[in-house]
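Thank you for making time this morning. I would like to walk you through a structure that may be new to you, going element by element, and I will begin with one of its turns.

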Amino acid sequence: MPAPQSPQPTPPPAPSSAVPPVLAEVVRSGFVEGRHRGSLVLLDADGAVELALGDVTAPVFPRSSNKPMQAAGVLRAGLGLSGERLALAAASHAGEPFHRDLVRRMLDEYGLEPALLQCPPDLPLDPEERDARLASGAVPDRITMNCSGKHTVMLAVCAQRGWPLESYLDPEHPLQRIIHEVVEEAAGEPVAAVGTDGCGAPLMAVGLTGLARAFRSFVGAEPGTAERRVADAMRAHPEYVAGTRRADTWLMREVPGALSKMGAEAVQAVALPDGRALAFKVEDGSTRALGPVLARALTLLGVKEPVVDRIGRAPLLGGGREVGEVRAAF
């Protein structure tokens, strides 16, 4: 009788070849001239998947939607932060004067020079603020870059712990290892890949379901934990997270208890205080589809506040007048 063969390891699943569903349509003069595809997941109050469009388990780079987890990692590493300062640590700030002023104050408080920041020089993320800065003759700088709050607190905790400052963005740095653990714990799944974000920081990939679970875990965490402290600071000071003219701020101001954070390449995650949550990514990275898709997802979760209509409005112009819209298609 032949000897029994040892079972072979199961190969990893191949990437899905399915075409993602259409999440948004571009309608001009009643004619659909374009479509934005992507994947989206909604979780109910118990954390179960209520709706899944596309492959919601395939890993994506959440980009700045990972910032709450990065801020929680800084707290776990030992930095004492609260209020506006903690909100700014989790921010993609707009580069408005109050953002820039607080970054400078924090650098001074921790005895850090702006030159230590390893985020790239940039102009403000907010278009109005960018135009004003250019008109004034200002040039890109590191403090104005939308991730400067995050980089400031990363440097601060490294200085406090005696960890190397010059390598604070290395994925193997002690701080980045802590952040890696926070992401995996919050998402409830292993990090599938590590890349480099636009600001230079390590970027951990998880599935959209994991991203929604992470946000859900932050709003449901016990008071006083790093996760809950981040969620509470963001919700109490949303203008420090996103500025005065962006959807994350509007949503956290006007929907009680909501936690919201967008990321580059059209990623969005939101959690509500009762445990409902959502996450999505528009495949082509088009941010013009973010608002309509977010508004429709919130409606499906039962959010009825007027801000949902404001977030979802994405008009198209022709000849200087409104002739169409970008609208959700699910």
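**A hairpin and the strand that follows**

Let me start with the hairpin of β8 and β9, where five residues lie between the strands and Gly 275 takes a positive phi near 105°. Please keep in mind throughout that what we are looking at is a predicted model. As for confidence, the chain averages a pLDDT of 95, and 95% of the residues score at least 70. The exception I would point out is the stretch of residues 1-13, where the pLDDT is below 50 and where the model shows zero contacts beyond near neighbours in sequence.

Coming back to the hairpin, β8 and β9 pair in the antiparallel sense over five bridges, and within that pairing Val 270 has Leu 278 in β9 as its bridge partner. Strand β9 also pairs with β2, again in the antiparallel sense, this time over six bridges, and there Leu 42 stands opposite Leu 278. As a general reminder, strands of a sheet pair through backbone hydrogen bonds, either parallel or antiparallel.

Is β9, then, mostly covered or mostly open? Strand β9, residues 277-282, is mostly covered, with six of its six residues buried. In a regular strand the side chains alternate between the two faces of the sheet. In β9 both faces are covered, since Ala 277, Ala 279 and Lys 281 are buried on one side, and Leu 278, Phe 280 and Val 282 are buried on the other.

Two loops nearby in my notes deserve a word about backbone angles. Most residues other than glycine have a negative phi. Ser 29, which is not a glycine, nevertheless has a positive phi of about 55°; this residue lies in the loop between β1 (22-28) and β2 (31-43), and it is exposed, with a relative accessible area of 61%. Glu 265 also has a positive phi, near 65°, and it sits in the loop between β7 (259-263) and β8 (267-271), where its relative accessibility of 39% makes it partly exposed.

**A second, open sheet**

There is also an open sheet of three strands, in the order β4-β6-β5, with antiparallel pairing. Because β4 (59-60) and β5 (193-196) stand at the edges, each with a single partner strand, one side of each is left without a neighbour in the sheet. Strand β5 pairs with β6, residues 202-207, over four bridges, and Gly 195 stands opposite Leu 203 in β6.

**The cores and an enclosed helix**

Turning to the interior, which residues of the largest nonpolar core touch the most other members? In this core of 70 residues, they are Leu 81, Leu 175 and Val 230. Leaving aside neighbours within four places in sequence, Leu 81 is in contact with Val 74, Leu 75, Leu 86, Ala 89, Met 106, Tyr 110, Val 153 and Arg 229. Apart from this core lies another, of 32 residues, among them Trp 250, Val 282, Val 303 and Ile 311. Trp 250 also has Arg 310 lying over its face, at 3.8 Å from the ring centre.

Helix α1, residues 67-76, has nine of its 10 residues buried, so it is largely enclosed by the rest of the structure. Just after α1, Gly 78 takes a positive phi of about 120°. Gly 78 and Val 157 are 79 residues apart in sequence, yet their C-alpha atoms are 6.8 Å apart in space. Val 157 is found in helix α5, residues 148-161, and is buried, with a relative accessible area of 0%. Beyond its neighbours within four places in sequence, Val 157 is in contact with Val 74, Ala 77, Gly 78, Leu 79 and Leu 175.

**One aromatic pair**

How many aromatic pairs does a search of the whole structure find? The search finds one, and it is formed by Phe 98 and Tyr 240, edge-to-face, at 5.0 Å centre to centre and with 80° between the planes. Phe 98 lies in helix α3 (residues 97-109) and Tyr 240 in helix α9 (residues 238-242), so the pair ties together parts that are 142 residues apart in sequence. Of the two partners, Phe 98 is partly exposed at 24% relative accessibility, whereas Tyr 240 is buried at 13%.

Terms used. Residues are numbered from 1 along each chain as its sequence is written. Side-chain values use heavy atoms; hydrogens and water are left out. pLDDT is the predictor's confidence in each residue, from 0 to 100. Contact means heavy atoms within 4.5 Å. Helices (H or I, at least four residues) and strands (E, at least two) are DSSP runs, numbered from the N terminus. Buried means under 20% relative accessible area, exposed over 50%, partly exposed in between (1.4 Å probe, protein chains only). A nonpolar core is a set of buried Ala, Val, Leu, Ile, Met, Phe, Trp, Tyr and Cys residues joined through side-chain atoms within 4.5 Å. Rings of Phe, Tyr and Trp (its six-membered ring) pair if their centres lie within 6.5 Å; planes under 30 degrees apart count as stacked, over 60 as edge-to-face and the rest as tilted. A charge sits over a ring if NZ of Lys or CZ of Arg is within 6 Å of the ring centre and within 35 degrees of the ring normal. Two strands pair if DSSP finds at least two bridges between them.
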